[in-house]
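Colleague: Could you walk me through this one slowly? I am still new to reading structures.

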Amino acid sequence: MANLKRTYHFIAEFFDVDSMGVMWHGNYVRYMEMARCRFLDEVGFNYLAMKEARFALPIVKLDSKFIAPLEFNQRFCIEVELLEFECFFRLKYTFLDLDGKKLCQAHTSQVAILLESKETCFYLPNDFIKALKAFVDSH
């Protein structure tokens with residue numbers, strides 16, 4: 001449906017690594033969140049806009065495949081690919097070193113909830129869909 005990719009650059013910090021000098025697996029999720037926030041900023045409908053529109057997008061599914069380790073001070077990028085934005089907001093994340101070697105691949109699925117009632121919606125809010133469609137169409 002969407003298949004729009006954006007790339008964001010990062011560096012593995014000292015506090016990200018374990019005693020073996022490689023990134024601890026839980027920190028990949030933090031980097032996915034940072035990449036997703038950058039993506040939503042580019043879309044023009046970030047988490048603050050969602051809060052103003054009285055909805056949130058909690059993650060309901062996350063899966064990852066770790067392929068090669070990220071090491072302290074290593075520069076890397078994350079390709080974020082928009083997969084779906086009808087009922088779910090689904091993204092694919094591909095962690096790559098600067099030579100293009102795949103390090104990790106992951107997917108997240110998020111659903112909309114109404115902030116007031118915490119009710120799960122089986123649709124994404126129209127304003128969010130409009131912003132995503134406009135972003136996809138412009139790229």
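Modeller: What follows is a talk through the chain as a whole, then a pair of helices, and then some single residues. This is a predicted model, in which local features need pLDDT of at least 70 and side-chain atom pairs count only at pLDDT 80 or more, while totals for chains, interfaces and linings use all residues. Residues are numbered from 1 along each chain as its sequence is written, and side-chain values use heavy atoms, with hydrogens and water left out.

Colleague: How many helices and strands are there in the chain?

Modeller: The chain has three helices and seven strands, where helices (H or I, at least four residues) and strands (E, at least two) are DSSP runs numbered from the N terminus. Along the sequence, their order is β-α-α-β-β-β-β-β-β-α.

Colleague: And how compact is the chain for its 139 residues?

Modeller: Its radius of gyration is 16 Å, close to the 14 Å from the globule rule for 139 residues, so the chain is as compact as a globular protein of that length. That radius is taken over C-alpha atoms, and the globule rule is 2.2 Å times the number of residues to the power 0.38. The C-alpha trace spans about 45 × 35 × 20 Å along its principal axes.

Colleague: What share of the residues counts as buried?

Modeller: Of the 139 residues, 43% count as buried; buried means under 20% relative accessible area, exposed means over 50%, and partly exposed is in between, with a 1.4 Å probe and protein chains only. If we look at contacts (heavy atoms within 4.5 Å) between residues at least 6 apart in sequence, 66% of them join residues at least 24 apart.

Colleague: Changing topic, at what angle do H1 and H3 pack?

Modeller: Two packed helices are described by the angle between their axes and the distance between the axes. Helix H1, residues 25-43, packs against helix H3, residues 126-138, at an angle of about 85°, and their axes are 9 Å apart. That makes H1 roughly perpendicular to H3, a label used for angles of 65 to 115 degrees, whereas under 35 counts as roughly parallel, over 145 as roughly antiparallel and the rest as oblique. The axes are lines fitted to C-alpha atoms, for helices over the stretch in contact, and the angles run from 0 to 180 degrees between N-to-C directions.

Colleague: Which residues make that contact?

Modeller: From H1 they are Phe 39, Leu 40, Glu 42 and Val 43, and from H3 they are Phe 128, Ala 131, Leu 132 and Phe 135. By class, this contact has seven nonpolar residues, no polar ones and one charged residue. Here Ala, Val, Leu, Ile, Met, Phe, Trp, Tyr, Cys and Pro count as nonpolar, Asp, Glu, Lys and Arg as charged, and the others, Gly among them, as polar.

Colleague: Staying in H3, is Ile 129 buried or exposed?

Modeller: Ile 129, which lies in helix H3, counts as buried because its relative accessibility is 17%. Not counting residues up to four places away in sequence, Ile 129 touches Phe 85, Glu 86 and Leu 124. Its C-alpha atom is 7.4 Å from that of Glu 86, although the two residues are 43 apart along the chain.

Colleague: And Asp 137, buried or exposed?

Modeller: Asp 137 is also placed in helix H3, but with a relative accessible area of 69% Asp 137 is exposed.

Colleague: What about Ser 109, where is that found?

Modeller: Ser 109 is in strand E6, residues 102-110, and counts as buried at 10% relative accessibility. Leaving aside neighbours within four places in sequence, its contacts are Pro 58, Ile 59, Val 60, Lys 61, Phe 88, Phe 89 and Arg 90.

Colleague: Last topic, the loops: what is phi of Asn 73?

Modeller: Most residues other than glycine have a negative phi, and most peptide bonds are trans. Phi of Asn 73, however, is positive, near 70°. Asn 73 sits in the loop between strand E3 (59-66) and strand E4 (75-85), and is partly exposed at 48% relative accessible area. Lys 118 likewise has a positive phi, about 65°, without being a glycine, and lies in the loop between strand E7 (113-114) and H3, where Lys 118 counts as exposed at 56% relative accessibility.
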